[in-house]
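This report describes the fold of one protein chain, one of its sheets, its ligand shell and a few individual residues. Please keep the sequence and the model in view while reading.

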Amino acid sequence: RIVYVNGAFLPIETASIPVMDRGFLFGDGIYEVTAVLDGHLIDNEPHLARLERSLGEIDIPNPHSREAWTEIQQALVARNNLSEGLIYLEVTRGVAERDFLSPAGLTPTVVMFTQAKSVRTSAALAKGAAVITVPDLRWARRDIKSTSLLAQVLAKRAAAAAGVNEAWMVEDGTVTEGASSTAFIVTKAGEIVSRPLSHAVLPGVTRRAVLRLVAEKGLTFVERPFTVEEALAAEEAFFTSASSLVMPVTSIDGRPIGGGSPGPLTRELRQLYIEAALEGR
Ligand code: PLP
């Protein structure tokens, strides 16, 4: 596998990052993950826009223009012959002697790699994903796509220990989002509900695309927080992310959702999302 580090394309075995990199020492960095389908970057513009915003919020200069980022991503996809999978990119504040404060004018570290995996088909898809709820232990600026992911790692470990696919994080009685996804429910009244954007959640790129499809279909989307009880009583539930696209949820904390199988609206949104993504819309 060929990876990209600070301007160089290298075999992964020989690529390395200095011990004093602030991404390693402090989690002082930002990342993005874009899906690749049929060799195409999916929804990449909004991922690069969010990257720019996240970097700005923590005062790391964006090392590349959107055009330059896209060129590097496409070059890496080509060098790895990647047809389907993910492309990960990370920007850290750079390398300096360990201190909370860093010298001015540091050069950010840039790392990029691909992961070949099937995105359109997944083991969880046919019967739907099982989810547990966990307390949301994260910091107060979850709108920033920071590489400091300890709370999400713990949530994913709890999910794995429970034998389920994803953890939905709960704060003050309402679901904020999944450990690596945006949470949605479909109410008995047919309303599609997800939390409004704020500092409490990451503004999902897939969420945004799904909302456009919902509007095009003339369906009702309601942006409001929902409780675990509401989710348990929902007609359907699903989560969205670059790596899972639109994933049906068929159980929460061991209790079946809807009929316990993927809901029709969720399946349709997944299909529409994939079609639109491949058309480059
Ligand atoms: N929320 C969190 C906490 C995430 O980590 C992710 C993706 O990794 C998402 C939501 C979904 O975002 P996107 O659709 O942009 O992949």
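What percentage of the contacts in the protein with a separation of 6 or more is accounted for by residues 24 or more positions apart? Such residues account for 71% of those contacts, two residues being in contact if their C-beta atoms, placed from the backbone, lie within 7 Å.

The model is predicted: local features need pLDDT of at least 70, side-chain atom pairs count only at pLDDT 80 or more, and totals for chains, interfaces and linings use all residues. Residues are numbered from 1 along each chain as its sequence is written.

**Overall architecture**

The secondary structure comprises seven helices and 15 strands. These elements are DSSP runs, numbered from the N terminus, with at least four residues for a helix (H or I) and at least two for a strand (E). The radius of gyration is 19 Å, close to the 19 Å that the globule rule gives for 281 residues, so the protein is as compact as a globular protein of that length. Here the radius is taken over C-alpha atoms, and the rule is 2.2 Å times the number of residues to the power 0.38. The C-alpha trace spans about 55 × 40 × 35 Å along its principal axes. Of the 281 residues, 37% are buried. A residue counts as buried if 20 or more other C-beta atoms lie within 10 Å of its own, as exposed if 12 or fewer do, and as partly exposed in between, with C-beta atoms placed from the backbone.

**The six-stranded sheet**

An open sheet is formed by six strands in the order E2-E1-E6-E5-E3-E4, with antiparallel pairing. Strand E2 (8–11) and strand E4 (40–41) each have a single partner strand and stand at the edges, so one side of each is left without a neighbour in the sheet. Strands of a sheet pair through backbone hydrogen bonds, either parallel or antiparallel. In this report two strands pair if DSSP finds at least two bridges between them.

Strand E5 (residues 85–92) is joined to strand E3 (residues 29–37) by eight bridges, and eight bridges also join E5 to strand E6 (residues 109–116). E1 is joined to E6 by two bridges. Individual bridge partners are listed below.

| Residue | Bridge partner | Strand of the partner |
|---|---|---|
| Thr34 | Ile87 | E5 |
| Val36 | Gly85 | E5 |
| Gly85 | Ala116 | E6 |
| Glu90 | Val111 | E6 |
| Tyr4 | Met112 | E6 |

Gly85 thus appears as the partner of Val36 and is itself bridged to Ala116.

Two helices accompany these strands. Helix H3 (residues 66–79) lies across strand E1 (2–5), E2, E3, E4, E5 and E6, running at about 40° to E6. Angles run from 0 to 180 degrees between N-to-C directions, and axes are lines fitted to C-alpha atoms, for helices over the stretch in contact. The second helix is best taken together with the sheet order E2-E1-E6-E5-E3-E4. Helix H2 (residues 44–57) packs on the sheet, where it touches E3, E4 and E5, and its direction makes about 175° with that of E3.

**Loop residues**

Asp43 is found in the loop between E4 and H2. Although Asp43 is not a glycine, its phi is positive, at about 55°. Asp43 is partly exposed, with 19 other C-beta atoms within 10 Å.

Asp172 lies in the loop between strand E8 (166–171) and strand E9 (174–178). Its phi is also positive, near 50°, in a residue other than glycine. Asp172 is exposed, with 9 other C-beta atoms within 10 Å.

Is Arg93, in the loop between E5 and E6, buried or exposed? Arg93 is buried, with 23 other C-beta atoms within 10 Å. Leaving aside neighbours within four places in sequence, its contacts include Arg22, Asp28, Ile60 and Leu106. The C-alpha atoms of Arg93 and Pro61 are separated by 8.4 Å, and these residues are 32 apart along the chain.

**The ligand shell**

The ligand is surrounded by 13 residues, of which Gly204, Val205, Thr206, Ser241 and Ala242 are the closest. Helix H5 (205–216) and strand E13 (236–241) are the elements that give two or more residues to this shell. A residue belongs to the shell if its C-beta atom, placed from the backbone, lies within 6 Å of the molecule. The largest share, three residues, comes from H5.
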